[in-house]
Structures are given as C-alpha cells and as structure tokens.
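User: I would like a close look at one small part of this model, with the cut-offs stated as you go.

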Amino acid sequence: MSKVKYYYDPDTLSYRKIEPRKSRRYRNIALFFLGSFLFGFLGLILLLNTNLVNTPRELSLAREVKNYELQFELLGKKMEQIENVLANIEDRDNNIYRLYFEANPIPEEQRRAGFGGVNRYKALEGFNNSEMIISTTKRLDIIQKQMVIQSKSLDEITKLAEEKEKLLAAIPAIQPIKNEDLARMASGYGWRSDPFTKARKMHWGMDFTSPKGTPIYASGDGTVIRADNNASGYGKHIRIDHGYGYMSLYGHLSQYNVKARQKVKRGDLIGFVGSTGRSEAPHLHYEVWKDDERINPINFYYGSLTAEEFENMLKYATQENQSLD
C-alpha cells in the first residue's frame, strides 16, 4: 500500500492531498525497470565470470575434460604393462636368444634412445594439460621405437636360428655304418702300424670293419663333390662337402649310390663297403675334415650313439693297433 502524502495550503489553512503527476509516475516506472535491467545484466556478467554458475556447454566441456583425464590415466597403465612386457622380451632377447646364437646384445642406450633434432611436440604446447599430453606422447614414441628395434632383432634371431639349424644338420654327426652292421671298430685316428710296411704312420681316420656290401650313410647334409677312384690309396671313395668348412670322406667302397654334385641329407644311403684301393680287408675308412685339416671323427658321433656305445668306441679307437689301410 503506497503512502499518501499531504501538503499544507496556507490559503485554505488546511492540509491537501498531494496528487502525483502522471509524467513523474511513468518516469519512476521507467527508471525502475532500467535499474532492474542494468542490475540483472551486471549480475549475470559477474556470475558468468565466476565458478559459481556454469553454462550447459561449460558443464559438457568439463565432463569431456574429466573423461579425457581418465582415458589418459588408463592409457598410462596400459603403457606401463606394455613397457613391462617389452622389458621381459628384451631381457630374454639379450640374455638367452642372442647369447645362444653368439650375437652381440643390443645396448640399453640404443633401445631407450629418445629423438633428437627439432621439437617434435611443439604443436602440443600451450594447453592446460600440455605437460601430461607431451609426456604421454613421448612414452608412446619410445615404446614404438623399442618395438621396431625388437622386431628387427627377432628377425635377426630367426635368421640366426635358421642358419644354426642348417649348421647342425650339416655337421657330420652320425656314425656312417649302423652298429648292427659292424663286425668291429678296427682302428681309430692317430699313430698306427701300417698293414703293408709295418711302420708307424699317422692314420687320419677311423676304420669300420664290416662285410662287403654293407650300407654306408651320409653323416650330415651336404653336396657330393667326388665319387671316383682317382685318389691314391682310397680306392672307390666319396667326398661330401657339408659347408661351414666341414667335409667327410668315405674310402674303399665297393659301389656308389650317389654321384658328384648330388645333394644328400644326413642318413641317406651313399654307397657300400668294399676293399678297393690300399686296403687289407673289407672295411670303411672314414675321415672328417674341418677347414682343410683332418680331425678326429670320434668327436662327432653325438647324433647316433648312446653313452655306452660311445664309450666302447672310444676304447677301441684309442688302441694303437694295426690299421686296415
């Protein structure tokens, strides 16, 4: 209820009611609405510049930021798991695989090296979370580089394994005559009595006594380089080049089962026992060469003999008896 105002009229000596002018009333109303509008506008600006009130868009953006922070946290944990797995693979790579295949380990500084030169992360600077984003990106780049290095290392290990497999298959590692076909192991590698001159001379291989026609087998993978009767003393003989500096020789054969330039596998039938050339009785004279030097074949029978059989062979091979050729 508005207050009624009066004024004293000296002419009538009485109080008269003040009647407001309509123009003033309209002005007051206009000033009220203008003041209200200005007050509300200024208040709204002040509220928008504080954290007291957020617009729906700001609320949505805030939720997105929180979600991104959570995703970055989860990404960090996943990267930590990947780093642990990579560290385990790298440890086995350096200390097992590369050690077994006699390859140099990859230095730690090479695996963990960063990226030099220009600033790769300049475009990520200037944001509220730039430090976190740059740190995460660096970790991803380093992990990616580690994976590339490890992938190349495993490719190298695969090639080394294939080469090692070929080497193991090529080494003359089995006895060229089966034990059940042997009469006895007549003579071994070393100084022996010559059956014709009775003088002591170096016997460069091992003599396996066996009936004529007994099968002879390749002791390792390789290529037949000779199958002829053109070497003094050996009679009909076969030579197999195994690669890696190894060569095996089979002398005094009665018959060939292979020819020159033919590829053979370990255990393939290559010929038959005989007594051709400088030989006193049917037997196989067997030699192993490494880098053009003849070495003791007894060191290469790990592929076909048991421990007991090898011990018996070693016993007979070391006896300084008479050779058969």
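Which residue in β13 is the bridge partner of Leu 253?

Analyst: The bridge partner of Leu 253 in β13 is Val 273. This is a predicted model, in which local features need pLDDT of at least 70 and side-chain atom pairs count only at pLDDT 80 or more, while totals for chains, interfaces and linings use all residues. Residues are numbered from 1 along each chain as its sequence is written, and side-chain values use heavy atoms, without hydrogens or water.

The pair belongs to an antiparallel match of β11 with β13 (residues 269-273), made over three bridges. Strands here are DSSP runs of E with at least two residues, helices runs of H or I with at least four, both numbered from the N terminus; two strands pair if DSSP finds at least two bridges between them. The open sheet has three strands, ordered β7-β13-β11, with antiparallel pairing. Its edges are β7 (215-217) and β11 (253-256), each paired on one side only. From one strand to the next the twist averages 35°, as an angle (0 to 180 degrees) between N-to-C directions of lines fitted to C-alpha atoms.

For context outside the sheet, helix α2 (residues 56-100) has 45 residues and spans 64 Å between its first and last C-alpha, close to the expected 66 Å, which is 1.5 Å times one less than the residue count. At Asp 93, α2 bends by about 40°, the angle between axes fitted to the seven residues ending there and the seven starting there. After α2 comes Glu 102, with a positive phi near 55°.
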